[in-house]
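This report describes how the parts of one small set of structural features fit together, beginning with a single residue and its contacts and moving outward from there. The sequence and the model are shown first.

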Amino acid sequence: MRAIVVKSWLKGPGDMEVSDIPVPVAKDGELLVKVDSAGVNFFDVLMIAGKYQIKPALPFTLGAEFSGT
């Protein structure tokens, strides 16, 4: 599958790159959604720059807003 994987703090959305990563496997109590569309919003821009109040451990995959089945 394709995803934006943040491996280091970026300056802005123009520095994002799409990577091919393995399709995750759903665990008990989880769902796997086939994403048709995904958006990058202000929250994501803050996250990639390390400026959001919560800083995930690197590397991390973006994707809080999406649609799919």
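## Leu62 and the nonpolar core

In this predicted model, Leu62 is in contact with Ile4, Val6, Met16, Asp44, Met47 and Ile48, when its neighbours within four places in sequence are left aside. Leu62 also belongs to the largest nonpolar core, whose eight residues are Ile4, Val6, Leu10, Met16, Met47, Ile48, Phe60 and Leu62. The elements that contribute two or more residues to this core are strand 1 and helix 1. In soluble globular proteins, nonpolar side chains tend to be buried together.

## The sheet

Three strands form an open sheet in the order 2-1-4, with antiparallel pairing. Strand 2 and strand 4 stand at the edges and have a single partner strand each, so one side of each is left without a neighbour in the sheet. Strand 1 and strand 2 pair in the antiparallel sense over three bridges, and within this pairing Ala3 stands opposite Ser19 in strand 2. Strand 1 is joined to strand 4 by two bridges, and these two strands likewise run antiparallel; here Val6 stands opposite Phe60 in strand 4. Four of the five residues of strand 1 are buried, so strand 1 is largely enclosed by the rest of the structure.

## Aromatic pairs

A search of the whole structure finds two aromatic pairs, which are set out in the table.

| Pair | Centre to centre | Angle between planes | Geometry |
|---|---|---|---|
| Trp9 and Phe60 | 6.1 Å | 50 degrees | tilted |
| Phe43 and Tyr52 | 4.8 Å | 85 degrees | edge-to-face |

Trp9 lies in the loop between strand 1 (2–6) and strand 2 (18–20), whereas Phe60 lies in strand 4 (residues 60–61), so the pair ties together parts that are 51 residues apart in sequence. The two partners are placed in separate accessibility classes: Trp9 is partly exposed, with a relative accessible area of 37%, while Phe60, at 10% relative accessibility, counts as buried. Phe60 is therefore a residue that takes part in the tilted pair with Trp9 and is also one of the eight residues of the largest nonpolar core. In the edge-to-face pair, Phe43 counts as partly exposed, at 29% relative accessibility.

## Charged residues

Which side chains meet in a salt bridge? A search of the whole structure finds one salt bridge, in which the side chains of Asp36 and Lys34 meet at 3.6 Å, N to O. Both Asp36 and Lys34 are exposed.

Asp44, by contrast, is buried yet has no salt bridge, and the nearest side chain of opposite charge, that of Lys55, is 15 Å away. Because a salt bridge requires a nitrogen-to-oxygen distance within 4 Å, Lys55 does not serve as a salt-bridge partner for Asp44. Asp44 lies in helix 1 (residues 42–48), and, not counting residues up to four places away in sequence, Asp44 touches Gly39, Leu62, Gly63 and Ala64. The contact with Leu62 leads back to the starting point, since Asp44 is among the residues that Leu62 touches.

Technical notes. Residues are numbered from 1 along each chain as its sequence is written. This is a predicted model: local features need pLDDT of at least 70, side-chain atom pairs count only at pLDDT 80 or more; totals for chains, interfaces and linings use all residues. Side-chain values use heavy atoms; hydrogens and water are left out. Rings of Phe, Tyr and Trp (its six-membered ring) pair if their centres lie within 6.5 Å; planes under 30 degrees apart count as stacked, over 60 as edge-to-face and the rest as tilted. Buried means under 20% relative accessible area, exposed over 50%, partly exposed in between (1.4 Å probe, protein chains only). Lys and Arg count as positive and Asp and Glu as negative; His and the chain ends are not counted. Contact means heavy atoms within 4.5 Å. Two strands pair if DSSP finds at least two bridges between them. A nonpolar core is a set of buried Ala, Val, Leu, Ile, Met, Phe, Trp, Tyr and Cys residues joined through side-chain atoms within 4.5 Å.
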